Amino acid sequence: MGNSQNKSRKRRSRYSSFKLQSTSPDLEEAWLLTLAAILVLAQSWMFFVTPQLATLTCDRPSSNPSLGICKLILAGLLGKKVTSFPLAQLEGAEVKHHGKLRQQIVLVLPDNKLYFPIDRGFGSPENKAAQINAFLQDSDIKSLSLRQDNRWLIYSAGVMVTALSSYVIWFRILDLLKRFSPRSDL
């Protein structure tokens, strides 16, 4: 009986001295580089698929101004979204501020609001909102056409940030591969 207890103690002691090996710094760096690459891809996706061209057109027919129609078109690389609504439903336009430099035009309808993309350029959303409100107040104005195009700014910023991030990750991966490789000619 005493003999079987000694054997079980030996078995237990063998497992109790087991320690988890920590990962090497190189392996941790590889994991972080993989995570960074995934984040750069996600960031690139966001830069290029968000709608960056917004167009609002409203037409008021001379024969019957109450039959006017408005169309908000949001376009990006993956396509466009068209929202049509009667001119009579458009109550006005407001500017929503997102910090000091980013502003957004909001079209106010009775049951909801329609949003232009955030203006990251050098345009003046206040002037555009004033144009919309002036069109609504003056029935002699027969049409309204506004366009907000941030594509040149967003796409060029997206390309620069993606290229720089990819460049840094690529050279970190090459450095990591050199450290993992047993050969010195890489």
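How many helices and strands does the protein chain have? Count them up and you get 4 helices and 7 strands. Keep in mind as you look around that this is a predicted model.

Start at the N terminus and follow the chain along. The elements come in the order α-α-β-β-β-β-β-β-α-β-α, so two helices lead into a run of strands, by the numbering of elements from the N terminus.

Now zoom in on one part of that run. Strands β4, β5 and β6 make an open sheet, lined up in the order β4-β5-β6 and paired antiparallel. Which strands stand at the edges? Those are β4 (92-98) and β6 (113-115); each has a single partner strand, so one side of each has no neighbour in the sheet. Going from one strand to the next, the twist averages 30 degrees.

Take a look at β4 and its partner β5, which covers residues 102-108: the two run antiparallel and are joined by 7 bridges. If you want a spot to find in the picture, try His 98, which sits opposite Arg 102 in β5. The sheet has company, too. Helix α3, residues 125-137, packs on it and touches both β4 and β5. The direction of α3 makes about 165 degrees with that of β4.

Finally, step back to the whole protein chain. It has 186 residues, and 28% of them count as buried. Among contacts between residues at least 6 apart in sequence, 52% join residues at least 24 apart. As for the outside, the protein chain exposes about 12900 Å², with carbon and sulfur atoms supplying 61% of that area.

Conventions: Residues numbered from 1 in each chain as written. Predicted model: local features only at pLDDT ≥ 70, side-chain atom pairs only at ≥ 80, totals over all residues. Heavy atoms only, no water. Pairing = 2+ DSSP bridges. Axes fitted to C-alpha atoms, helices over the stretch in contact; angles between N-to-C directions. Contact = heavy atoms within 4.5 Å. Buried < 20%, exposed > 50% of the residue type's maximum accessible area, 1.4 Å probe, protein only. Areas by Shrake-Rupley, 256 points an atom, 1.4 Å probe, with all protein chains shown as cover.
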